[in-house]
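Trainee: I have a model open and would like to go through it with you, one question at a time.

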Protein chains: 2
Amino acid sequence: MKFSPKDLRQVTVFQNATDDDLDQIVRNSITRSIEEGEFFFFQGDPANYLYVLVSGQVKLLQTNPGGQQVNLRTIYPWQMFGALGAVREQADYPASAQALENSTALAIQSTLLHEMMETRPYLSFDLMLLMTSYIQEMQARYRELATERVEQRIARVLLRLTAQSGQKTDEGIDLAFSRQDLAEMSGTTLYTVSRVLADWERRDLVRAGREQVHITNPHGLVRVAEGLEK
Amino acid sequence: MKFSPKDLRQVTVFQNATDDDLDQIVRNSITRSIEEGEFFFFQGDPANYLYVLVSGQVKLLQTNPGGQQVNLRTIYPWQMFGALGAVREQADYPASAQALENSTALAIQSTLLHEMMETRPYLSFDLMLLMTSYIQEMQARYRELATERVEQRIARVLLRLTAQSGQKTDEGIDLAFSRQDLAEMSGTTLYTVSRVLADWERRDLVRAGREQVHITNPHGLVRVAEGLEK
DNA sequence: AAGATAATTTGCGCTGGCGCAAAGAAAGAA
DNA sequence: TTCTTTCTTTGCGCCAGCGCAAATTATCTT
């Protein structure tokens, strides 16, 4: 997986970086490729690197003491991950990062980031803006989990995924996720996801396949997410 | 409610500020006092100010389209709030801020903050650190809500409140919150909170009164939060 | 002290969603 | 092709937690 320093400008936090900055980052970083199912890092590991995904797809997940998992977010190319641990000195990653498909990422030393932040105000500012958007998203998801019922939450997950990664075809939108994935993303179980999708299929909102959801009626799905339907 | 600019150094984000900076902030800000139950701002208002609580207690809450509320966080003196909206230009507050008791806060113009951030790198850096800690907290709470049952979540809320504001007396810890408050904080209903507290009282973990919870056995409560009990 | 108000408790019935288990379907391996 | 693995569906029973309603208790007024 080849890329040039300037590709890094697609990363929101690096959009204001100089060419020199980008060169320096790439020179001092390493490229890591891992296969589907493997992990870039685990929750609790010392956060010595922060990552920029170059290709593939990565999910961030948290595990509770009992071993249950929650999906926090899915990472797409040129998004940063692992930054939460890496911005603090001596911190640990608060989540694990698992590749959903064969993936390549640039691993940037946390210490390098710290050094750069000292002399480049744009960096902490842009990082701060990124963090605020994450907070807002987490707050919204928290509210949804606390107040909305499963059907709505699954609908929201599908709509969010559509915005992030949906492949638009002539007739609707294709999403490639298993029932288990969707369950972790919406805070429910794969059984319930399966039943809900089956119901939606009867109502001609989606067509569901193995590790695949095809949204035929996005507008109807929005109505479900709003709680208007039913 | 009188205070001097130097008091602002208790605010984590201002701990590295110069005396001049603090003077300038106070000179360009206004002090707002409101009574219990009133709001400093509402979700959706344009975020023209960010606040520092001087005295009292404020809760941040989000309302969904259907009108249901979720408690996001409780603010104590010398904590900042409303910053999430205020750091972005032209943004709205993502939550409402309601006084839990008569409260006074310093209202700092968002534009002033923006200006200061341009020339004072420590500001965006410290804000960024603050934001990362919020994210981690929200992620943890999200995970709890998704994977843990009500009893555990209420126990965690009580323990979190203990750490933040608990008045330690000879025999345990006093917390002043209504069943409704605790319900909103743990994502459940006041009925369930009432029943759980009644059960805990039988098991000598707490003593409950009107708008009051007295934790007699914090260690036992930790066991409940961990899911070990029962 | 009596009345008004607000917070809390608790009985009761209900249901949304969980999760086991077994069967079916799709994809991959040999 | 056949076997294996992985994902998905669905019947079934169950229960945690919800929420109404009515009673009880605490606090505040006058």
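Trainee: By class, which residues make up the surface near DNA strand C?
Mentor: This is a predicted model, and a residue is taken as near the strand if its C-beta atom, placed from the backbone, lies within 6 Å of it. Among the 20 residues around DNA strand C, R149(A), T188(A), T192(A), S178(B) and S194(B) come nearest. Sorted by class, the surface near DNA strand C has seven nonpolar, six polar and seven charged residues.

Trainee: Which helix gives the most to the surface near DNA strand C?
Mentor: The elements that supply two or more residues come from both chains: helix 5 (150-165) and helix 7 (190-202) of chain A, and helix 6 (179-186) and helix 7 (190-202) of chain B. With six residues, the one that gives the most is helix 7 of chain B.

Trainee: Which element gives the most to the side of chain B that touches chain A?
Mentor: The contact takes 35 residues from chain B and 35 residues from chain A. On the chain B side, strand 5 (69-75) and helix 4 (121-147) are the elements that give two or more residues. The side of chain B that touches chain A has 20 nonpolar, 11 polar and four charged residues. With 19 residues, the element that gives the most to this side is helix 4 of chain B.

Trainee: Which residue of chain B comes closest to the rotation axis?
Mentor: A turn of 180 degrees and a shift of 0.0 Å along the axis lay chain B on chain A with an RMSD of 0.0 Å. The two copies are therefore related as by a two-fold rotation axis. Also, 100% of the interface residues of chain B are interface residues in chain A, so the copies meet through the same surface. At 2.2 Å (C-alpha), the residue of chain B closest to the axis is M128(B).

Trainee: Which strands stand at the edges of the open sheet of four strands in chain B?
Mentor: The sheet has the order 1-8-3-6, with antiparallel pairing. Each edge strand has a single partner strand, so one side of it is left without a neighbour in the sheet. The edge strands are strand 1 (30-34) and strand 6 (80-81) of chain B.

Trainee: Which residue stands opposite S33(B) in strand 8 of chain B?
Mentor: Strand 1 of chain B runs antiparallel to strand 8 (residues 103-109) of chain B, and five bridges join them. Opposite S33(B) in strand 8 of chain B stands T104(B).

Trainee: At what angle does helix 3 of chain B run to strand 8 of chain B?
Mentor: Helix 3 (residues 110-119) of chain B lies across strand 3 (49-55) and strand 8 of chain B. Its angle to strand 8 of chain B is about 55 degrees.

Definitions and conventions:
Residues are numbered from 1 along each chain as its sequence is written. Chains are lettered from A and ligands numbered from 1 in the order in which they are written. This is a predicted model: local features need pLDDT of at least 70, side-chain atom pairs count only at pLDDT 80 or more; totals for chains, interfaces and linings use all residues. Ala, Val, Leu, Ile, Met, Phe, Trp, Tyr, Cys and Pro count as nonpolar, Asp, Glu, Lys and Arg as charged, and the others, Gly among them, as polar. Two residues are in contact if their C-beta atoms, placed from the backbone, lie within 7 Å. Copies are superposed by least squares on the C-alpha atoms of residues with pLDDT of at least 70 in both. Two strands pair if DSSP finds at least two bridges between them. Axes are lines fitted to C-alpha atoms, for helices over the stretch in contact, and angles run from 0 to 180 degrees between N-to-C directions.
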